[in-house]
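Biologist: Could you take me closely through one part of this model, the sheet and what packs against it, and keep the account connected from strand to helix?

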Amino acid sequence: MLLSLVLHTYSMRYVLPAAVMMGTAPTYVLAWGAWRLLSALLPARFYRELDDRFYTIYQSMVLFFFERYTGVQIIIYGDLPKNKENVVYLSNHQCTVDWIVADMLAIRQNALGHVRYVLKDGLKWLPLYGWYFSQHGGIYVKRSARFNEKEMRNKLWAQVKAETPMYLVIFPEGTRYNPEMPKVIADSQLFADKEGLAVLKHVLTPRVKATHVAIDSMKNYLDAVYDVTVAYEGTVDHKGQRKVAPSMTEFLCKECPKVHIYLDRIELKDIPEEQMYMRRWLHERFEIKDKLLIEFYDAKDSKRRNKFPGKCVHSKLSLKKTLPSLLFLGGLTASMLLTESGRKLYVKTWIYGTLIGYLWVSVKA
């Protein structure tokens, strides 16, 4: 009985952060919506600037939980520029926390508000968030033959024309690498073999379409491409086999002690422009990722495991970067819920905000 209670309490450690992050969503959407309406009377740049500030506040609160609350150690390899840049961010993909890792790097460059995601199409149906991510500059894409290149180009060209700061996050694998789904891994390896490409062990064969459209559409606007490789420590079992990377829930339950992030900044001049050549280049970048992960997971010398080669920095995020956002959004939400009219508005925001979002994404589909 006592053991069951302890285990239950342990597993509930994600409830508080999840409740706060989800619970503040209506408050955030209301504040953003009010500014969206007001900004219709102002030059467009004023909306974009404050939208980025709003986004920074919310994501800073998220990072309070994913870094400070969990106590995870963030270890960065390579040279992360101190100054914000317009970039395309390419990363391996293994779990939902990968989205947060992009935020972890962006906040260290004071570029958190500039993060925009290329997201799989089904995520647009997320209540409140699905609609808002698109409003913030995110791009929903469909896989394979249904990929709409023209739509993505038009949205990116509009962002460039408006001089929108860009930290565009793309996961070229298209889906997560999951050791418990061997068929997906086998199919990916078989495809690479048929195409005469190197067969990869710890990542899937990357798809080039979204990456090519992004870089080609913004080639005169971008400062660089960030090639990022992420590894979560503790994802190997007692037999030395790779395990599934932590979900957001597991991460918030403090089941990941360290996140290792290897960053390689690539100049645009070093990337081929033609899609067929960029495809080969992108696969070569994933070969490099694969070698890094083989070293991380499979190195024969145990002293070389659980780390990437080269110098690293243990980077701790200051409370000043995250706590004020938590207090602001938490306080705003709490004060709203203290009154009957506030509670009614809160519930209506969840209901009608979700319905309006669904209507919007249906029209855009």
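**The sheet and its surroundings**

Modeller: In this predicted model, Arg116 has Leu168 of E5 as its bridge partner. That pair belongs to the parallel arrangement of strand E3, residues 115–120, with strand E5, residues 167–170, the two being joined by 3 bridges. As general background, the strands of a sheet pair through backbone hydrogen bonds, in either a parallel or an antiparallel manner. Here the sheet is open and has 8 strands, which follow the order E4-E3-E5-E2-E6-E7-E1-E8 with mixed pairing. At its edges lie strand E4 (139–141) and strand E8 (312–315), each of which pairs on one side only. On average, and with direction ignored, neighbouring strands of this sheet are turned by 25° against each other.

Turning to the helices, helix H7, which spans residues 149–161, packs on the sheet and touches E3, E4 and E5, while its direction makes about 170° with that of E4. Helix H11 (residues 275–298) also packs on the sheet, where it touches strand E2 (87–91), strand E6 (224–232) and strand E7 (258–266), and its direction makes about 30° with that of E6.

One residue deserves a separate look, namely Ser134, which lies in helix H6, residues 129–135. Ser134 counts as buried because its relative accessibility is 8%, where the cut-off for buried is under 20%. With neighbours within four places in sequence left aside, Ser134 is in contact with Tyr140, Lys155 and Trp360.

Methods:
Residues numbered from 1 in each chain as written. Predicted model: local features only at pLDDT ≥ 70, side-chain atom pairs only at ≥ 80, totals over all residues. Heavy atoms only, no water. Pairing = 2+ DSSP bridges. Helix = DSSP H or I, 4+ residues; strand = E, 2+ residues; numbered from the N terminus. Axes fitted to C-alpha atoms, helices over the stretch in contact; angles between N-to-C directions. Contact = heavy atoms within 4.5 Å. Buried < 20%, exposed > 50% of the residue type's maximum accessible area, 1.4 Å probe, protein only.
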